[in-house]
Amino acid sequence: MVAVVRTLTVLLLGQVLLGGAVGLIPDIDRRKYSDSGRQTAERSDMNFLNAFEQRLLSMFGLKRRPTPSASAVVPQYMLDLYHMHSENDDLNIRRPRSTMGKHVERAASRANTIRGFHHEEAFEALSSLKGKTTQQFFFNLTSVPVEELITAAELRIFRDQVLSEAGTGGFHRINIYEVFRPAPATSKEPLTRLLDTRLVQDSHTRWESFDVGSAVGRWARESHHNHGILVEVLHPKESGASEEAQRKHVRVSRSLHSDEDSWAQARPLLVTYSHDGQGSAVLHANREKRQARRGQKPRRKNPRTNCRRHALYVDFSDVGWNEWIVAPPGYHAFYCHGECPFPLSDHLNSTNHAIVQTLVNSVNSNIPRACCVPTELSPISLLYLDEHEKVILKNYQDMVVEGCGCR
């Protein structure tokens, strides 16, 4: 029974997500199999399902089904972004607190894909000179498709509260540099350029966001220029706190902190905002469509046999996709079904061509009636782990049926 449910769900996913396009579903030999050929038929059906699932994964931009390990981490910031952009957003959820500049937020609003990257710890280079701590990060961006245009990127760094012996806090300066060239053998310092800087107050515990879009955009286009990011934390003498406390103030390295459990969520995070050239922006499209629908007058109820929208809930766990789709667990896709009777009424949302086709059908049965199809579709946001265990928030167009009509 479970296998039947999984099969039906995969087929429904195909019909809903892919719109029944010609040539999309492989042809199946529907001849009646004898008992001796039943095993061959089962293998054929399994091959069909595997090929069909592969086409669905390709629609999501995946080459294979992701199989994330148990140690894969989904940053809380990515979950917060999902809840803000998801179709189930109740309009009371606000953007996760961020110190992104207005120009970065405007660039991010043009994106339909948000990706989160943790740095490659095996390549980190931590050093502590008197009065400052520096940490060099390397982020592997090879999983970003070449067709995606990165419109913005932020480096998020978490810092703990640090107070002087008098119980007061001072200020730290955090500088973010792009590494143009690694440190040569004759020098201890790499060649860098300043990307962003901020004076932060020691008495606050919070995330800081820095604009690194210019560097990350170039790395996506020319990966050989990616030599990483250098974070410099300056320790002011007048802060009154111990040098050890100042070094551990900013969470830039696992080696500086004994709290191993919190490191997975507190470690630096690179967030990229990009657009793949398809559909609309993830940051505003869902909310604007929901607001527009709220202002519409409800249509009068149609006879139950006429073309209308029907309930269809797609549960990702039925096909095992909940292993890599973080949220949502499923979604209401709906579907269109029903008759397009002669004469077509206004509430059936028909085109002029459908009216003419139905009129001709009334006198010539060789001409089919107009079909009940989706006339309005809306997107949903998916938060998932890809084949490389990178966390992605993406807006997928035309996933939910909002209206039906005769066409």
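Which side chain does Arg267 meet in a salt bridge? The partner is Glu121, with a distance of 3.5 Å from N to O. Before I go further, please bear in mind that this is a predicted model.

The pair of Arg267 and Glu121 links distant parts of the chain, for the two residues are 146 residues apart. Arg267 sits in the loop between helix H7 (260-266) and strand S9 (269-275). Glu121 belongs to the loop between strand S1 (113-117) and strand S2 (125-129). Are these two residues buried or partly exposed? Arg267 counts as buried because its relative accessibility is 12%, which is to be read against a limit of 20%. Glu121, with a relative accessible area of 26%, is partly exposed.

Let me turn to the other salt bridges. The count for the model comes to twelve, and I shall discuss some of them. Glu178 forms a salt bridge with Arg218, and their closest N and O atoms are 2.4 Å apart. This pair, too, links distant parts of the chain: Glu178 lies in strand S5 (residues 171-181) and Arg218 in helix H5 (residues 213-221), 40 residues apart. Both Glu178 and Arg218 are buried.

A further salt bridge joins the side chains of Glu154 and Arg156, at 3.8 Å from N to O. Glu154 has 0% relative accessibility and therefore counts as buried. Arg156, at 4%, counts as buried as well. There is also a network of salt bridges, in which Arg159, Asp196, Arg198, Arg206 and Glu208 are linked.

I now come to the nonpolar interior. Which residues touch the most other members of the largest nonpolar core? They are Trp321, Tyr331, Leu382 and Tyr384, in a core of 33 residues. Helix H2 (38-59), strand S15 (372-385) and strand S16 (391-406) are the elements that give two or more residues to this core. Strand S16 provides the largest share, with seven residues. Another core, of 24 residues, lies apart from the largest one. Among its members are Phe137, Leu195, Val200 and Phe210.

Next, two elements of secondary structure. Strand S3 (residues 132-137) is mostly covered, with five of its six residues buried. S3 pairs with strand S8 (residues 229-234) in the antiparallel sense, over six bridges. Within this pairing, Gln135 of S3 stands opposite Val231 in S8.

The second element is helix H3 (residues 76-85), where Tyr77, Met78, Leu81, Tyr82, Met84 and His85 are buried. Why do these residues lie on the same side of H3? They cover an arc of only 165 degrees around the axis, and this puts them on one side of the helix. The general principle is that an α-helix has 3.6 residues a turn, so residues three or four places apart point the same way.

Finally, the surface. Val356, Val360, Val363 and Ile367 form a nonpolar patch there, with about 330 Å² of accessible area together. Val360 has its place in helix H9 (residues 352-363). With a relative accessible area of 33%, Val360 is partly exposed. Val360 can be a member of the patch because that value of 33% is over the 30% required of patch residues.

To close, I return to the opening pair: Arg267 is buried, Glu121 is partly exposed, and their salt bridge links distant parts of the chain.

Note on methods. Residues are numbered from 1 along each chain as its sequence is written. This is a predicted model: local features need pLDDT of at least 70, side-chain atom pairs count only at pLDDT 80 or more; totals for chains, interfaces and linings use all residues. Side-chain values use heavy atoms; hydrogens and water are left out. Patches are made of residues with over 30% relative accessible area and no salt bridge: like charges are joined within 9 Å, nonpolar side chains (Val, Leu, Ile, Met, Phe, Trp, Tyr) within 5 Å. Accessible areas come from the Shrake-Rupley method with a 1.4 Å probe; for residues, only the protein chains shown count as cover. A salt bridge is a side-chain nitrogen of Lys or Arg within 4 Å of a carboxyl oxygen of Asp or Glu. Helices (H or I, at least four residues) and strands (E, at least two) are DSSP runs, numbered from the N terminus. Buried means under 20% relative accessible area, exposed over 50%, partly exposed in between (1.4 Å probe, protein chains only). Two strands pair if DSSP finds at least two bridges between them. The arc is that of the directions from the helix axis to the C-beta atoms. A nonpolar core is a set of buried Ala, Val, Leu, Ile, Met, Phe, Trp, Tyr and Cys residues joined through side-chain atoms within 4.5 Å.
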